[in-house]
Amino acid sequence: MDIRFEGKRALVTGAGKGIGRVIAGLLKDCGAEVVALSRTQSDLDSLEAEIGCETVCVDLTNPDAARKAAEQAGPIDLLVNNAAVAILEPFMGVSVEAFDKTFAINVRAMIIVSQVIARGMISRGTGGAIVNLSSQASKIGLADHTTYCASKGAVDQLTRTMALELGPHKIRVNAVNPTVVLTPMGERAWSDPAKSGPMLSRIPLGKFAQPRDVAHLVAYLLSDQADMIHGVTLPIDGGFLAR
Ligand code: NAP
């Protein structure tokens, strides 16, 4: 199976680091024109030099700036809503600031960017495909991850409602739900062996995911080969959720 995106234009949010950066590179390798959106200009500059992409620098916590940035990306066929934050706090210590920031990026910006991009897909009548980055944390409780787990539960539900309403416009919407991936975000939460050991022991395949594992699944879900896959929240977790 050869996944090719020639003639397609893809927008990847949070493309500066981690999983989003690898997704942007893979989509480019598969022939897409890539627009990389992220918060830190130097990350975008190095990505542009590496893969040859267009870039949009924005802080997605600002809803007006998020809308303008999505409009700036131009006509988009493939959207990857990847940008997110994970702010770790015990439940009893959840702060209003962390809650608001988490939901502003992980959920609200996903809605705003998707609205702009889907509006373009609908007006052009071309359809398209959207993949939302969720997490295994949408499906189980993780200590110290209250706002993150809640935001990813919201992403799963958002994916389902988007699938219901955008499907008739030939826009497929799915989510992927990775286990731990040792990106900058993953390192912050899981580099301590006292935390990573028990988590690894619950993964039947005995390993964390690599950014490339996630990128391959995202590319498949964006491709015409996944033409009948719509509204799913797909674990990529080495069997963690099989227990
Ligand atoms: P990461 O290493 O922290 O990278 C996140 C990227 O998103 C960075 O480029 C970051 O830019 C950007 N971003 C964050 N806040 C932003 C904002 N306000 N505006 C614009 N861009 C922003 O994260 P990752 O591990 O690659 O995670 C990618 C996705 O996978 C997320 O949705 C995450 O929840 C999900 N996921 C990750 C794991 C894991 O273990 N790593 C597991 C399951 C799911 P700056 O650095 O400049 O802020």
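How do the residues of the lining of the largest pocket divide into nonpolar, polar and charged? In this predicted model, they divide into 21 nonpolar, 15 polar and seven charged. The legends below begin with that pocket and then move on to other close-ups.

**View 1. The largest pocket has a volume of about 940 Å³.** Helix H1 (18–29), E2, H4, helix H5 (146–166) and helix H6 (184–190) are the elements that give two or more residues to its lining. H6 contributes the largest share, with six residues. In total, 43 residues line this pocket, and those nearest its centre are Ala83, Ala84, Val85, Met185 and Arg188.

**View 2. The second largest pocket has a volume of about 300 Å³.** Look for Lys8, Gly128, Leu222, Ser223 and Asp224, which are the closest to its centre among the 18 residues of the lining. Sorted by class, this lining holds eight charged residues, along with five nonpolar and five polar ones.

**View 3. One cavity of 30 Å³ or more is found in the structure.** The largest cavity has a volume of about 50 Å³. Its lining is made up of Thr13, Leu60, Asn81, Asn82, Ala83, Ile105, Asn106, Ala109, Met110 and Val113. H4 provides the largest share of that lining, with five residues. Six of the lining residues are nonpolar and four are polar, while none is charged. Ala83 may look familiar here: this residue lines the cavity and is also listed among those nearest the centre of the largest pocket.

**View 4. Helix H4 covers residues 96–124 and carries a kink.** The kink is about 40° and is centred on alanine 104. From first C-alpha to last, the 29 residues of H4 reach 40 Å, close to the 42 Å expected at 1.5 Å a residue. Follow the chain just past the end of H4 and you meet glycine 125, which takes a positive phi of about 70°.

**View 5. Strand E1 (residues 9–13) is mostly covered, with five of its five residues buried.** Which residues lie on each side of E1? Arg9, Leu11 and Thr13 are on one side, with Ala10 and Val12 on the other, and both faces are covered. Thr13 also appears in the lining of the largest cavity. E1 pairs with strand E2 (residues 33–38) in the parallel sense, over five bridges. To find your place in this pairing, start at arginine 9, which stands opposite glutamate 33 in E2.

Note on methods
Residues numbered from 1 in each chain as written. Predicted model: local features only at pLDDT ≥ 70, side-chain atom pairs only at ≥ 80, totals over all residues. Heavy atoms only, no water. Helix = DSSP H or I, 4+ residues; strand = E, 2+ residues; numbered from the N terminus. Expected span 1.5 Å × (residues − 1). Bend = angle between axes of the 7 residues up to and from the residue. 1 Å grid on protein atoms, 1.4 Å probe; cavity = no way out; pocket = protein on both sides within 12 Å on 5 of 7 lines; lining within 4 Å. Points joined across faces, edges and corners; volume = space filled by probe spheres on them. Nonpolar A, V, L, I, M, F, W, Y, C, P; charged D, E, K, R; others polar. Buried < 20%, exposed > 50% of the residue type's maximum accessible area, 1.4 Å probe, protein only. Pairing = 2+ DSSP bridges.
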